[in-house]
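Welcome, and please bring up your viewer. Set it to a plain cartoon, keep the selection panel handy, and we will go from stop to stop together.

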Amino acid sequence: MAESDMDTETMLVMLSSLLHPQEFAQDILLDALVKSKGNIEAAAKSLQSEPPRKRRKVSNKVSIDSWLKGGDASSSSPSPSIPLGAGVTTSSAPQNEAAGSSSNGRRASTPASSFKPTISEQYSASSRLSSSPQKPTSKVKTITNDELMALLRPPNSSDGSGSKPQVPRLPPLTLATPEMVAEHTPCTLHHSVLPPELACRLYYTLLYASRDWQRTKWWLADRIVESSHSSFFYRRGTTAAVDSEPESDMTEAAQYWYNGRPTEAPPVFPPAMEEACQIIEEVVNAEMRKRKRFPLEWGGYPAGEDGESLLWRANVAASNCYAGAKESVGFHSDQLTYLGPYPTIASLSLGVSRIFRLREVVPLDERDKRAARTYNIPLRHNSLIIMHASTQEVYKHAVPPQNSIDMFHPPFPPPSSLTDDKEVLAKLHEASNARINITFRFYRPDFHSSKTPRCKCGVPCILRPDMKNRYEELPATGASVNATGGSTTSTSKPESSPGKKTMVAKYWWTCYAGAQNDGKGCGLWKVMDVKAEGRGPFVGDMTSMENQS
């Protein structure tokens, strides 16, 4: 075929093939053809005699398509696509394609001297060349989904060689029996602790009274938050075996139980609560006599006629009502302001079954070695869980919300002494979704409110343990007790859960005014000094008490 009979696209393709592997922009190729008056060989020589003024860059980066097809990016470069108006790249095959395209009847309508391709001709050439068949690859690499996601996912900043090893997390464990509770926690579980009729009578009494209970409010992060459940505070009357504290003292205790909110003097135990408390007191004291004691525990009252001292007696009770599956309380440990170190708390559950959750606070020096495990303890109607000494120092507890609960059907009718309204009595006897919780507590005489330090705000401080720094045995010499509140080794090591450090070195008093003072406090913080503050008697030997650094 004569060069004068060739169309513009064919001449461009042939000129590019003569210049291969050099690449020139299309306008440079057209300019050379015009200068050589359509002579392809002369145009090729003119371009080869000088370096190209504009070469098209070919990327050597490996695309994800080529990686998936298993091609070797280092040995072969991918064939670049041809955008509109860019230079044309060919192989040895385009001559046949160009020859075939001349049969379409499109010829150069002007002589070579006035050679100028149209835009449609340029686009037609680019389209035909870019749609030419590619050589199929002979190697296909199969990858898994994990490999593909590893390719697409950005690298994790924590995957460096110097990162700390991940501590394995243990799944939550349900402790459904008293044996399992005693094995894994410093608590004991007691089912059917009260006579069935008494349990129902106490349940009706507090469920009826809960209509007037309030939700606790306090300041947190510059805003007022409110608990999802309602609470109330009771004090034990003077008819108990041991006289209770003065009423003024219990008023202050009740006030700061409600996070500093002003309250009236708390009422005495209702008759059903007093009757239940006497039974629970016997159960708690019997359990405490089986256990080894911590040196900073309350030393107990003098022995009675039976020769046994009273180790624990409930003089206050904090009651909570969880009406429905969504009412809950988050993880917390109880304040020790009036309870003192290593307290024992007896928690009675009435009504619907709910989960009681425990989780250890792992000491700072063990956080790289192990993670805390969560224990779920189902508490059904008329069950008692005793949080023995070290529970408040080692664990935090919670009552989480649940997706569903089983309605409670009281087996006994409500007592008619509650109200004369028969409709109210009938409604109380219906199936209920409420749980009544009573936590019987012993407010120690040596932590009387008159001995509670005041902060600069003029309100009583609260007492908290140093939960993050605990020991199996405190670093001390001899059998003494740290004046800052820590206990030393003794001939009988206190009973604790396996692998748990239960000895607390320090307790501290902190300002609590921010709970009700728009979240603002003085920030007071000081370590408790049991010797200077006149605390005791304790289980441990306090006569040789020494200061430990």
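The tour below starts with the whole chain and then moves to selected sites.

**Stop 1: the whole chain**

Keep in mind that this is a predicted model. With everything selected, you have 549 residues on screen, of which 46% count as buried. The cartoon shows 13 helices and 17 strands. If you draw contacts between residues at least 6 apart in sequence, 78% of them join residues at least 24 apart.

Now colour by pLDDT. The mean is 77, and 66% of the residues reach 70 or more. Select residues 239-244, where pLDDT stays under 50; the model gives this stretch 9 contacts beyond four places in sequence. Residues 542-549 also have pLDDT under 50 throughout, and here the model has 19 contacts beyond four places in sequence.

**Stop 2: the second largest pocket**

Which residues should you select to find the centre of the second largest pocket? This pocket holds about 1,200 Å³ of space. Pick Val329, His332, Ser333, Asp334 and Gln335, which are the closest to its centre among 43 lining residues. Then show the elements that give two or more residues to the lining, among them strand E4 (223-235), helix H10 (247-257), strand E6 (329-332) and strand E12 (434-441). Colour the lining by class and you will find 19 nonpolar, 17 polar and 7 charged residues.

**Stop 3: the largest cavity**

Rolling a probe the size of a water molecule over the atoms shows where empty space is left. In this model, 6 cavities of 30 Å³ or more turn up. The largest of the cavities has a volume of about 100 Å³. To centre your view on this cavity, select Trp298, Tyr342, Pro343, Thr344 and Phe442, the closest to its centre of the 13 residues that line it. The lining consists of 9 nonpolar residues, 1 polar residue and 3 charged residues.

Stay with Tyr342, which lies in the loop between E6 and strand E7 (345-351). Although Tyr342 is not a glycine, its phi is positive, at about 50°. Tyr342 counts as buried because its relative accessibility is 2%, under the 20% cut-off.

**Stop 4: Arg444**

Is Arg444 buried or exposed? Select this residue in the loop between E12 and E13 and switch on the surface. Arg444 has a relative accessible area of 3%, so it is buried. Show its side chain as sticks, and draw a distance to the backbone oxygen of Leu296: the side chain reaches that atom at 3.2 Å.

Next, expand the selection to the residues that Arg444 touches beyond four places in sequence. They include Leu296, Glu297 and Trp298, as well as Tyr338, Leu339, Gly340 and Pro341. Trp298 is also one of the residues closest to the centre of the largest cavity. Pro537 and Phe538 are further contacts of Arg444.

**Stop 5: two backbone details**

Follow that contact to Pro537, in the segment after strand E17 (525-527). Look at the peptide bond from Gly536 to Pro537, which is cis, with omega near 10°.

Finally, jump to Ser390, in the loop between strand E10 (383-387) and helix H12 (391-394). Ser390 has a positive phi of about 90° although it is not a glycine. Its relative accessible area is 1%, so Ser390 is buried.

Note on methods:
Residues numbered from 1 in each chain as written. Predicted model: local features only at pLDDT ≥ 70, side-chain atom pairs only at ≥ 80, totals over all residues. Heavy atoms only, no water. 1 Å grid on protein atoms, 1.4 Å probe; cavity = no way out; pocket = protein on both sides within 12 Å on 5 of 7 lines; lining within 4 Å. Points joined across faces, edges and corners; volume = space filled by probe spheres on them. Helix = DSSP H or I, 4+ residues; strand = E, 2+ residues; numbered from the N terminus. Nonpolar A, V, L, I, M, F, W, Y, C, P; charged D, E, K, R; others polar. Buried < 20%, exposed > 50% of the residue type's maximum accessible area, 1.4 Å probe, protein only. Polar contact = N/O pair within 3.5 Å; in protein donor to acceptor, adjacent residues only side chain to side chain. Contact = heavy atoms within 4.5 Å. pLDDT = per-residue confidence, 0-100.
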